[in-house]
Amino acid sequence: MRTKSLKKNKINVITLGCSKNVYDSEVLMGQLRANGKEVEHEAPAEKEGNIIVINTCGFIDNAKAESVNMILEYADKKDRGLVDKVFVTGCLSERYRPDLEKEIPNVDQYFGTTELPQLLKALGADYKHELLGERLTTTPKNYAYLKIAEGCDRPCSFCAIPLMRGSHVSQPIEKLVKEAQGLAKNGVKELILIAQDLTYYGLDLYKKRNLAELLEELAKVEGIEWIRLHYAYPTGFPMDVLELMKREPKICNYIDIPLQHISDSILKSMRRGTTQAKTTQLLKDFRAAVPGMAIRTTLIVGYPGETQEDFEILKDFVQEMKFDRMGCFAYSHEENTHAYLLEDNVPDDVKQARANEIMELQSQISWDLNQEKVGKTFKCIIDRKEGAHFVGRTEFDSPDVDNEVLIDASKHYVKTGEFVNIKIIEATEFDLYGEPA
């Protein structure tokens with residue numbers, strides 16, 4: 001006679017939110033696998049397993065809603081006997097644990113962002129210190145995220161990250177190099193460096209901004225061909241990184257530098273520690289130091305007190321700077337942040353209209369920049385085959401957020417996970433079409 005207790009435990013990990021959460025899920029799964037546990041990442045319903053771990057995001061309203069809905073969905077599945085256990089971890093759980101325990105009590109246990117050993121114990125596994133940096137990667141085999149620091153010491157008024165992730169803690173260079181070597185052995189060719197703030201790297205450990213030294217060491221790792229920088233803060237940017245980017249071919253001519261706004265009054269209220277003049281000069285310095293580098297940024301519209309004039313200043317800046325890549329978000333009023341004390345006085349429809357206007361402007365800029373690529377040949381990494389196309393990227397594009405290069409699979413064959421020279425034959429706002437050169 002079959003009973004529930006005889007069922008083989010299989011753990012399904014579901015990841016919501018940013019690349020830092022992807023990394024954390026990969027570490028969790030690496031630990032579970034090393035403990036002999038059967039573990040899947042976001043398995044389809046028919047292969048789901050009976051134990052669910054939801055790694056949540058608690059950053060802005062939309063992300064919180066997605067996380068809450070996912071918890072409710074699996075709490076309901078547990079009620080109906082479709083799964084045995086549900087555990088919740090990550091940023092939402094860190095930030096709202098008492099509320100979640102009260103509102104959704106049939107989750108087995110909630111864990112914060114720093115409670116991996118406790119979560120593993122609840123899953124019947126031990127935390128293995130010797131697994132330093134080893135993880136079960138969920139990305140295509142050719143790239144992986146490398147989290148070089150946790151937390152953030154910046155005082156930005158709108159951001160709840162320090163509440164969920166704590167203060168900035170850099171990982172030692174030798175640990176990161178060892179992790180990169182392990183990834184390279186498994187076929188990873190591109191490292192995407194992530195942290196809440198890359199530019200702060202090393203201040204706590206080495207008493208100086210040490211990103212350039214870390215990059216020098218990572219560039220020596222055999223098998224790694226591209227190193228990409230995500231989430232650099234504009235204040236106190238270590239300019240020696242640009243010199244290294246120019247002379248070290250492995251470091252992609254690409255940087256993700258979230259600027260959030262440009263109007264001086266909004267920057268001051270956001271507590272960004274910079275001005276329009278300083279930011280504009282920094283971007284000019286970037287382009288002078290590394291001609292042709294791709295600059296990605298993120299902007300927030302509808303921040304408390306943002307006037308039409310502030311918004312026009314932002315639009316003019318976007319038009320002038322011609323960013324290669326951009327994301328734009330409507331402001332989200334977050335509890336316990338400094339900005340929460342301000343009146344959230346820009347109506348939601350105005351916020352959304354402004355975000356749409358910025359992205360409309362950007363799509364025209366993106367179209368123009370992409371047309372300039374037609375007829376040129378670029379080294380591309382091929383990430384996957386999807387439908388009728390092989391899908392790749394240039395060094396100027398990060399996975400999931402930037403342009404893709406589409407190659408007609410009915411006419412050409414390229415190997416996934418490999419670098420190929422691709423000639424661009426056509427371009428739209430956000431995609432390039434090419435063929436092997």
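**Entry 1: Phe-396 and its partner**

I looked up Phe-396 first and found a relative accessibility of 15%, so I recorded Phe-396 as buried. The model is a predicted one, and I read every value below in that light. Phe-378 also stands at 15% relative accessibility and counts as buried.

How are the rings of Phe-378 and Phe-396 arranged? I noted 6.3 Å between the ring centres and 90° between the planes, so this pair is edge-to-face. I then placed both residues along the chain. Phe-378 belongs to strand 14 (residues 377-386), while Phe-396 sits in the loop between strand 15 (389-393) and strand 16 (404-408); the pair therefore ties together parts that are 18 residues apart in sequence.

**Entry 2: Other aromatic pairs**

I searched the whole structure and obtained nine aromatic pairs. One of them joins Tyr-201 and Tyr-206, a tilted pair with 6.5 Å from centre to centre and 50° between the planes. I checked the exposure of each ring's residue. Tyr-201 is buried, at a relative accessible area of 0%, whereas Tyr-206 is partly exposed, at 28%.

**Entry 3: Charges over rings**

I next looked for charged side chains above aromatic faces. Arg-154 lies over the face of Tyr-233, 3.8 Å from the ring centre. Lys-379 lies over the face of Phe-419, and here I recorded 4.4 Å from the ring centre.

**Entry 4: The cysteines listed by UniProt**

I consulted the UniProt entry, which is unreviewed, and it lists Cys-18, Cys-57 and Cys-91 under "binding site". Are these cysteines gathered or scattered? They span 74 residues in sequence, yet no two of their C-alpha atoms are more than 10.6 Å apart, so I noted that they gather at one spot.

I located two of these residues in detail. Cys-18 is in the loop between strand 1 (10-15) and helix 1 (19-34), and Cys-18 is partly exposed, with a relative accessible area of 32%. Cys-57 is in the loop between strand 3 (51-56) and helix 2 (61-79). At 12% relative accessibility, I entered Cys-57 as buried.

I then listed what Cys-57 touches, leaving aside neighbours within four places in sequence. Its contacts are Leu-16, Gly-17, Asn-21, Ala-63, Lys-64, Ser-67, Cys-91 and Leu-92. Cys-91, also in the UniProt list, is thus among the contacts of Cys-57.

**Entry 5: Arg-135**

I turned to Arg-135, which I found in the loop between helix 4 (116-122) and strand 6 (143-147). Is Arg-135 buried or exposed? Its relative accessibility is 12%, so Arg-135 counts as buried.

What does the side chain of Arg-135 reach? It comes to 2.6 Å from the backbone oxygen of Tyr-145. I also recorded a polar contact of 2.7 Å between the side chains of Arg-135 and Glu-26. Not counting residues up to four places away in sequence, Arg-135 touches Tyr-23, Glu-26, Val-27, Gly-30, Ala-144, Tyr-145, Glu-179 and Leu-183. Both polar partners, Glu-26 and Tyr-145, appear in that contact list.

**Entry 6: Domains**

I closed with the domain assignment of the chain. It gives domain 1 (8-128), domain 2 (137-370) and domain 3 (374-434). I noted 24 Å between the centres of domain 2 and domain 3, taken over C-alpha atoms. How many residues does each of these two domains bring to their contact? Domain 2 gives 24 residues and domain 3 gives 27 residues.

Conventions. Residues numbered from 1 in each chain as written. Predicted model: local features only at pLDDT ≥ 70, side-chain atom pairs only at ≥ 80, totals over all residues. Heavy atoms only, no water. Phe/Tyr/Trp six-rings, centres within 6.5 Å; stacked < 30°, edge-to-face > 60°. Buried < 20%, exposed > 50% of the residue type's maximum accessible area, 1.4 Å probe, protein only. Helix = DSSP H or I, 4+ residues; strand = E, 2+ residues; numbered from the N terminus. Lys NZ or Arg CZ within 6 Å of the ring centre and 35° of its normal. UniProt positions renumbered as here; feature names shortened; annotations may be inferred. Contact = heavy atoms within 4.5 Å. Polar contact = N/O pair within 3.5 Å; in protein donor to acceptor, adjacent residues only side chain to side chain. Domains from an automatic or database assignment.
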